[in-house]
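Subject: Structure handover

Hi,

Here is the structure for you to look through. My notes on what turned up follow below it.

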There are 2 protein chains.
Amino acid sequence: MNGAQALVKALTDSDVDVCFANPGTSEMHFVAALDTNPQMRCVLGLFEGVVTGAADGYARMAGKPAATLLHTGPGLANGLANIHNAKKARTPMVNIIGDHATYHRRFDAPLSADVEGIATPMSHWVGSADTADEVAAMGAAAIEASMVAPGQVASLILPADTAWNPTTKTAIADLTTVPAPDAPDERAIDTAAAAITSGAACTLVLGGAITQQRARLVGQLTAGTGTRVFCSTWAPRQESGAGRSPVARLQYFGELAAQQLDGTEHLIIIGGHPPITFFAYPDKPNELTPDGATVHQICEITGDIDGALEALVERSGAADAAPKILELDRPTLPDGELDATAVGRAMAHLMPDNAIVVNEAGTAGGGYQGALRGTPAFTLLALTGGSIGYGLPAATGAAIACPDRRVFAMQADGGGMYTVQALWTQAREGLDVTNVIFNNGKYAILQFEFDRVGAHSPGPKAMSMLDLTNPALDWVSLATGMGVPAERATTADEFNAALATSLATPGPSLIEVMI
Amino acid sequence: MNGAQALVKALTDSDVDVCFANPGTSEMHFVAALDTNPQMRCVLGLFEGVVTGAADGYARMAGKPAATLLHTGPGLANGLANIHNAKKARTPMVNIIGDHATYHRRFDAPLSADVEGIATPMSHWVGSADTADEVAAMGAAAIEASMVAPGQVASLILPADTAWNPTTKTAIADLTTVPAPDAPDERAIDTAAAAITSGAACTLVLGGAITQQRARLVGQLTAGTGTRVFCSTWAPRQESGAGRSPVARLQYFGELAAQQLDGTEHLIIIGGHPPITFFAYPDKPNELTPDGATVHQICEITGDIDGALEALVERSGAADAAPKILELDRPTLPDGELDATAVGRAMAHLMPDNAIVVNEAGTAGGGYQGALRGTPAFTLLALTGGSIGYGLPAATGAAIACPDRRVFAMQADGGGMYTVQALWTQAREGLDVTNVIFNNGKYAILQFEFDRVGAHSPGPKAMSMLDLTNPALDWVSLATGMGVPAERATTADEFNAALATSLATPGPSLIEVMI
């Protein structure tokens, strides 16, 4: 056994059995080890941003980390933006970053770089093996680190000689050693519950994922006490659709979020911090806590969110309240003009049970999501870290995690181009992904933001920086070039037909929505 | 004037008048400032790796930096791999990285990240403005830093409020303050010259770019003294073709490089360090200095390479020697089977004067380059940092720098997929780029390296990680989808015809070479 084999064994023995990879020469022993270990599934991406985004989507659905395999400092660098998203979403992730042999690091070789320095800003845990004997134990430690609640990014640097040298050392991650989530502030729960029962205007902002259990507790709190509840604009995962309790998200634009929070006397925070705007803007507030509101900080994202929420519901006297539950109420198919709402209606009409919807639709996101309330139950994944280029890879990873569920990648054109190579991996793996590209030919959000930041009306040069029509992107050609069947829809009828075909056909497809 | 306007003014007043950009909300004031400053040309890329690779290609040809405009930590992260290549090539580059407003940084906003930490591993100089008044001066300082010989990567972080706040402060880079290159070691020049004149077996390894002047001096040294001379495997820029003196590159594979250096008694180094292998391999040497050879270290890459080389030629008594000059000797057009050599022959037959050839052809690189010796003069740019995904963006930037020269992007399929979005920018800007994609359907270099690292014959799972045929990439579709006309060539005749069409047609085109 060599170090690479010991690492693959440590991963699979620890139930980490999917590896998204874009390897290079320094990772060849790891790649070779795949053939001696049938448990490990290795999924190739043609760009590292695909690899890391897929690992994020996978882990959000699987509830356990995937490994990634990245090639030295530049390979890691290419994957960083989606590692950033995973870090903000607190997704468990184990990055294996091959590096030069330990004795080659002191030279200024072309690919030599400060791998640890590159990994650190985007990782919760960074380790580097120095010998083959250490590799398995460090791999197990990385897995344990990744499972610290609610999830962490662990990056393990694997110098080539630690991969090829012999070892007999094995290891298995011991998740019983992973620390429990931080205890919530009991006093804050008490004061929050007292505020709620006093009849004051209370708002709960709930961080983290919205599981079915949390949604139900939120529903009880709302039904039993009238407390307003919002989850984060970017909640990494939300159980939605029929049979679940609705949980509203805070709006992206600060003005709208401020309206949602308006009149709040007591702001209760579970699983995060008091809300802020995504960006700061000249002459606009960036802190969203209403003036004069009392903040009850119960726990941060690393805290026992379930326990805190349950205790708050209990102490607020809402434990027996009946939560609102969404009912199945499919709309009719749309006709006429094609817009984001029509896309949502067609989806809601046709969507199979238990789908996964990955949202990176940008300015089209609100329109289609608004139409999804009456669909069968589905899981929504969001762009938690705000770094575009997440949607297509995350959908790819989610489909690997959940082969029995239809995945929708709801993707804006601008962000879609960042990691367009994900389509190839979908074709290669035969994944049941329906990619819906909203082609509006621009960075539409920036046209909004241009004015909002006080830059006023863009001139022609500025406007050209926000425009994607010269030349127009042809997503049907792009998808076809990577082996994914594709259709363009310019009317609701065309979209309805293309969506029906996609859902009836195993494997990936792409629908270019001209809006 | 606001900070962003002050920065754009500082850039253009300092003769930095091209900005490759992929902006976001935090860069909107910079984008707005473009319309008040007609001197600045702003070129949009649909992914940051395109932006930074284009800035590298531009600066290698222009001899001065371009600016890049990147969106916060993740945007910078997406550009890092090509910044790495620029750093290794010592290309001057000025990165402007927008960030959250200073007073927004303390919050855990979705896009907040340690921008300085991300920039540092890949930059020679990192600065961050704290106020609008500082912005112009820091921009000028970044330009000065970028011009420290032979070139540096300077990264300036621009918090949004320093861009939008008012200022009256202007600045212009003062290149007279840039330190001169380090003086070479005169004693090492003397001992090297003594070794050369003694008749001992001497080899010069010359780092940095191979300018016409350097090539001529190398030619004199070889003609006058018999000294073997090699430039770096990855010399960032080399003047080649008819009318220039040939300078051989050290081979990529260590065994072949060792043969080139075999028998050397005196190893003379100008502009670098004693050669090493690209990677380390089990049971193979990674240092290439022949056993027993005396090393004469004259200067590093930051040294006065021209002065050192001139002095060495002079003191070796070769100043009057007539260098070998390559003559124009175009081959006939190839026919029959299409391979890399046939591609090179067709190029050599048809190539216009003064072309630029960007090489990221991987395993096809040797074949086509071997056929280019008799072509008209051309400039060769290489993948100096070894991070693939450089070719298409660098060709894009080179074409912006040299609108009167035909640019060839010689691109392997694997690396081409990393930054395929560059094709869109070529179409948008109407650049005269002939993109030649070598489609061999695999990471061929890894199939070589798999065995070389001692991983032995790959099993089916390992082999599948090196394979790009499931599904096959269709580069004609990919290019068409981004507005670049494309043809597929499966025979030499088809390639000849496609190349002739490309050269006769303004704007970009792509030829997919099936090998």
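Leaving aside its neighbours within four places in sequence, which residues is A:N439 in contact with? Keep in mind that this is a predicted model. There are seven names to look up, and I take them in groups. From the stretch 512 to 515 come A:E512, A:V513, A:M514 and A:I515. A:L473 and A:W475 are also in contact with A:N439. A:D413 completes the list.

Some background on that residue. A:N439 sits in strand β16 of chain A, which covers residues 433–439. Is A:N439 buried or exposed? A:N439 counts as buried, because 24 C-beta neighbours lie inside 10 Å and the cut-off for buried is 20 or more. A:Q411 is 28 residues away from A:N439 along the chain, yet their C-alpha atoms are separated by 8.9 Å.

Next, the core. The largest nonpolar core has 383 residues. Which of them touch the most other members? The answer is A:A398 and B:A398. Not counting residues up to four places away in sequence, A:A398 touches A:G57, A:Y58 and A:M61. A:A398 also touches A:I356, A:V358, A:L381 and A:V407. As a general point, nonpolar side chains in soluble globular proteins tend to be buried together.

Now the domains of chain A. Domain 1 spans 3–177, domain 2 spans 186–315 and domain 3 spans 340–514. The C-alpha centres of domain 1 and domain 2 of chain A are 35 Å apart. Six residues of domain 1 of chain A are in contact with five residues of domain 2 of chain A. The domain 1 side of that contact has three nonpolar, one polar and two charged residues.

Last, the two chains. 81 residues of chain B are in contact with 81 residues of chain A. Which element of chain B gives the most to its side? Helix α4 of chain B (residues 72–89) does, with eight residues. By class, the side of chain B that touches chain A has 48 nonpolar, 25 polar and eight charged residues.

How are the copies related? A turn of 180° and a shift of 0.0 Å along the axis lay chain B on chain A, with an RMSD of 0.0 Å. That is the relation of a two-fold axis. The same surface serves both copies, with 100% of the contact residues of chain B recurring in chain A.

Best wishes

Methods. Residues numbered from 1 in each chain as written. Chains lettered and ligands numbered in written order. Predicted model: local features only at pLDDT ≥ 70, side-chain atom pairs only at ≥ 80, totals over all residues. Contact = placed C-beta atoms within 7 Å. Helix = DSSP H or I, 4+ residues; strand = E, 2+ residues; numbered from the N terminus. Nonpolar A, V, L, I, M, F, W, Y, C, P; charged D, E, K, R; others polar. Least-squares fit on C-alpha atoms with pLDDT ≥ 70 in both. Core = buried A, V, L, I, M, F, W, Y, C linked by C-beta atoms within 7 Å. Buried ≥ 20, exposed ≤ 12 C-beta atoms within 10 Å, placed from the backbone. Domains from an automatic or database assignment.
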